[in-house]
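Visitor: I would like to go through some of the labels used for this structure. Please set each one against its definition.

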Amino acid sequence: MSRRFHLAVSAAATAALIGAMTTPPAHADPNNNTVRKLTEAVTVDGVVDHLEAFQEIADEYGDRAAGRPGYQASVDYVVEQLEAAGYEPTVQEFEFPYFEENSELIRVSPNPRTFVNGTDFLRNTFDSGSPEGTATGSLVPVGLVIDPSLPPNSNSSGCEAADFAGFPVGGVALMQRGTCGFSIKALNAQAAGASAVVIMNEGQPGRTGLLNMIGDATGLTIPAVFATFEAGADLASTPGATVTVTVDYAAEIRTASNVLAETADGNDDNTVMAGAHLDSVQNGAGINDNGSGSAALLETAIQMAKVKPTNTVRFAWWGAEEEGLLGSEYYVDQLSDEEAEDIALYLNFDMVASPNYMFGIYDGDNSGGTAAPGFIPAGSAQIEDVFEKFYADRGEPSQDSEFSGRSDYGPFIAVGIPAGGLFTGAEVPKTVAEAALYGGVAGAAYDPCYHEPCDNLTGEGQNTALYDQLRADYTLIGNINVHALDVNSDAIATAVLTFAYDTSTVNGAPGHPGRGQVKPGESERTLAAIRDQRTR
């Protein structure tokens, strides 16, 4: 497809096109052996072709989340493309704890409202288990006191059987956090004939949001959820409304996989790795997060297939990143000490085409001061230098992105491997100063569809007014900023090929320990710090 055609496609036309096409495998030119030649070969059209394939997969299966059919289809697609280019890819399977939440809280009538799971309510997590089921009935408030000025823990709603005098069998009990345990309230409601339970927060400062309902609720058989004070007050404003409460979830062990492929030539003792996570969140296509990084890396690998680098280049597409970096963590855990020592550096590409983008480079020299002393492996600053030079040579602005270990480079730096990478931003709002540098909308998130179903190529579900504002400065295909994708695809190709030929700046960096010098226990301490960062 010509570049002119891609850039002229409207969101609606793109949606129609995706459903009608399949992506043929690309083939590398054997002469893509310089940065100039490789960046010319890695075109934005080629990268968008892969994104269209990912969108087709999500359209067919609903998403590309690990442990689901759409992820396996994404793996199959990457493997097919790599094999067509001449690689012999490896699929590394691993087991992981799969979790799927389908619980619901809905006011059916009057004034229908679907409350948002994880924002407005949570299912219970009682020690004795969270009984699944669905019930629809009339909402019955039980001893509610909607008065945040009262002392905390003063509400006795549902704590005594007498609170349920006259309770209609089959009603949905709405109670309030207070003087007794959640399990007592839920069991009392069940004994009174309730078909389901909603317990809302109490309303005082610090007691308005969500929390997990725990405790021993042995014998509970009806669905029970916890709601914010706001959601509960909204429900209470219409007593007798018809309400549906559903507790439905899956928690089991499933299998996901990493895809790995490396160049036929190069020094295996000094391997350059580059990776991107292939999975999406559940119920989303994951086109920017992280179809963008996966597609750009795939096109780079395809166009490098016949290059004969000095150092082996190993490409990786990670599974279950959205579940906690599980694929990359598994890969690093399986390495022997010698195999880990053979990895000269790791490059990570996670979200490289955010619609309201900035050009972020992992802050390998810690000039922003956000990383603790000793957290960043020596040599990472020299990786940052390569990306900074690339943007400067292109006349593009760039800035530091926090070196936190929150993406798939985390397990690598945990064992002392230098790392770097790119990031165009997620849910954080763009500043006024950044809008002056890059264009776009100050105060709006870099990616307004981060972890949402609207992270797609079709434009479905996106905030029309905001995306119209973004189009005043940018060419977008759905949730993809074409300029950011184009520039960053070249940045990826440049860094990979640069280090494919020479890693001496990284290996010879001051403080770099050399092969075999990671201290026992050091990786465990670093990985613990990374996990702590991820949970903040």
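**Labels and their cut-offs**

Guide: Leu325 has a relative accessible area of 1% and is buried. This is a predicted model, in which local features need pLDDT of at least 70, side-chain atom pairs count only at pLDDT 80 or more, and totals for chains, interfaces and linings use all residues. Residues are numbered from 1 along each chain as its sequence is written, and side-chain values use heavy atoms, with hydrogens and water left out.

Visitor: Why is Leu325 called buried?

Guide: Buried means under 20% relative accessible area, exposed means over 50%, and partly exposed lies in between (1.4 Å probe, protein chains only). Leu325 has 1%, so the label is buried.

Visitor: What is notable about phi of Leu325?

Guide: Phi of Leu325 is positive, about 60 degrees, although the residue is not a glycine. Leu325 sits in the loop between β12 (311–318) and α9 (326–334); helices (H or I, at least four residues) and strands (E, at least two) are DSSP runs, numbered from the N terminus.

Visitor: Why does Asn366 count as partly exposed?

Guide: The relative accessibility of Asn366 is 24%, which falls between the two limits, so Asn366 is partly exposed. Asn366 lies in the loop between β14 (360–362) and α11 (380–394), and its phi is also positive, near 55 degrees.

Visitor: What makes Asp76 partly exposed?

Guide: Asp76 has 44% relative accessibility, which is again in between, so the label is partly exposed. Asp76 belongs to helix α5 (residues 69–85).
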